[in-house]
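Grab a coffee and work through these exercises with the model open beside you. Try each task before you read its solution.

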Amino acid sequence: MNVLVNGDVTEVGPEATLAEVLAARGVPERGVAVAVSGEVVPRAAWRSTRLRDGSVVEVLTAVQGG
Amino acid sequence: MDDLVIGGRKIGSRLIMGTGGAANLSVLERSLVASGTALTTVAMRRLDAGGGPGVLALLERLGIEALPNTAGCHTAAEAVLTARLAREALETDLVKLEVIADDRTLLPDPIELLDAAEQLVDDGFTVLPYTNDDPVLASKLVDAGCAAVMPLGSPIGTGLGIRNPHNIEMIVAASTVPVVLDAGIGTASEAAQAMELGCDAVLLATAVTRASDPEAMATAMRLAVESGRLARSAGRIPRRYWAHASSPAVG
């Protein structure tokens, strides 16, 4: 199935968890936050969150601004 | 100088800095140190979008608290989600709430701003809204439970200074929470003016980061905020129409 990670179409296995998709992308454990289809997923729930075909994953971090 | 307290937190400086526009992290570091700031804004962006990872590590090393903003959000819903992401990423309940009406003026959208402020206060955030220089809106934001109000002097990045000092004074007079002059400052005299008008702090970025010598301008801003605060508490003389001799008239 395909999910969208920060705008990139990404092929993942069936039953893929959010934690697996983030690890494959090299996302660090600290200093980031993740939303799936518009809802924040706390770090503690990354392993238990299963993605669905078409899930929209956004991974954000702090950058210079404001 | 007495402490600035926002939402029960003591903030060690009345100059709040932004990090946007700095040429690189080393210039930013020297500017932040020169400014003496204790609280500094960061923006939230996609992890792989570039734009300088490492700003958080820099703030941590300098002992400066991060103030995440919701820059770029145009609706209450976007701003609320961005604030929640910032809380998760930075482990802070502080948020500089920005909800912008359009990209040309970058002026706050008052309707969406108030809506987002109410939602975030309910959700336990310490909300610092970037607002118009409108005393009515400012008092509604205070009523909504915001921990500070941050009226603009003039639009973001313009360096036009404080266009409506009277409104800023009215906001200060009515506010029961700290007032932070946010946006529009171009040079040190304007930061001093904000403090003389009674603001509790000044937030600026561009005036320092895009100055020819950011470190020198950061020092100027630190001194200006201190001077303005002192002048405010010292009590200025009234303005007079006619001259008033300062030397003895007799003898």
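How many helices and strands does the secondary structure of chain A come to? Before you count, some housekeeping: this is a predicted model, where local features need pLDDT of at least 70, side-chain atom pairs count only at pLDDT 80 or more, and totals for chains, interfaces and linings use all residues. Residues are numbered from 1 along each chain as its sequence is written, while chains are lettered from A and ligands numbered from 1 in the order in which they are written.

**Exercise 1: chain A**

Solution. Step one is the count: chain A has one helix and five strands. Here helices (H or I, at least four residues) and strands (E, at least two) are DSSP runs, numbered from the N terminus. Step two is the order, which reads β-β-α-β-β-β from the N terminus. Step three is overall size: the C-alpha trace spans about 40 × 25 × 20 Å along its principal axes. The radius of gyration of chain A is 12 Å, which agrees with the value near 11 Å for a compact globule of 66 residues. That radius is taken over C-alpha atoms, and the globule rule is 2.2 Å times the number of residues to the power 0.38.

**Exercise 2: work out the build of chain B**

Solution. Start with the elements: chain B has nine helices and 10 strands. Its radius of gyration is 19 Å, close to the 18 Å from the globule rule for 251 residues, so chain B is as compact as a globular protein of that length. Next, burial: 50% of the 251 residues count as buried. A residue is buried if 20 or more other C-beta atoms lie within 10 Å of its own, exposed if 12 or fewer, and partly exposed in between, with C-beta atoms placed from the backbone.

Then look at the largest nonpolar core, which has 102 residues. Such a core is a set of buried Ala, Val, Leu, Ile, Met, Phe, Trp, Tyr and Cys residues joined through C-beta atoms within 7 Å. Helix H3 (residues 76-90) of chain B supplies the largest share of this core, nine residues. Cys199(B) is among the residues with the most contacts inside the core. Leaving out residues up to four places away in sequence, Cys199(B) touches Ile168(B), Val172(B), Val179(B), Val180(B), Leu181(B) and Ala194(B). Contact means that the two C-beta atoms, placed from the backbone, lie within 7 Å.

**Exercise 3: find the annotated binding site in chain B**

Solution. First, the record: an unreviewed UniProt entry puts "binding site" on Gly157(B), Ala183(B), Gly184(B), Ala205(B) and Thr206(B). UniProt positions are given in the numbering used here, feature names are shortened, and annotations may be inferred rather than shown by experiment. Second, the distances: these residues span 50 residues in sequence, yet no two of their C-alpha atoms are more than 9.4 Å apart, so they gather at one spot.

Third, take two of them individually. Gly157(B) sits in the loop between strand E8 (150-151) and helix H6 (165-174) of chain B, and is partly exposed, with 16 other C-beta atoms within 10 Å. Thr206(B) belongs to helix H8 (residues 206-209) of chain B; with 19 C-beta neighbours inside 10 Å, Thr206(B) is partly exposed as well. Residues up to four places away aside, Thr206(B) touches Gly21(B), Gly157(B) and Gly159(B).

**Exercise 4: is Lys96(B) buried or exposed?**

Solution. Begin with the label: UniProt (unreviewed entry) places "active site" at Lys96(B). This residue lies in strand E6 (residues 94-97) of chain B. Now count: Lys96(B) has 27 C-beta neighbours inside 10 Å, so the verdict is buried. Finally, check who touches Lys96(B), not counting residues up to four places away in sequence: the list includes Gly66(A), Thr41(B) and Tyr130(B).

**Exercise 5: map the side of chain B that touches chain A**

Solution. Count both sides: 30 residues of chain B are in contact with 18 residues of chain A. On the chain B side, two or more residues each come from strand E4 (39-46), helix H2 (55-62), strand E5 (65-68) and H3. H3(B) gives the most, with seven residues. By type, the chain B side divides into 17 nonpolar, seven polar and six charged residues. For this tally, Ala, Val, Leu, Ile, Met, Phe, Trp, Tyr, Cys and Pro are nonpolar, Asp, Glu, Lys and Arg are charged, and the others, Gly among them, are polar.
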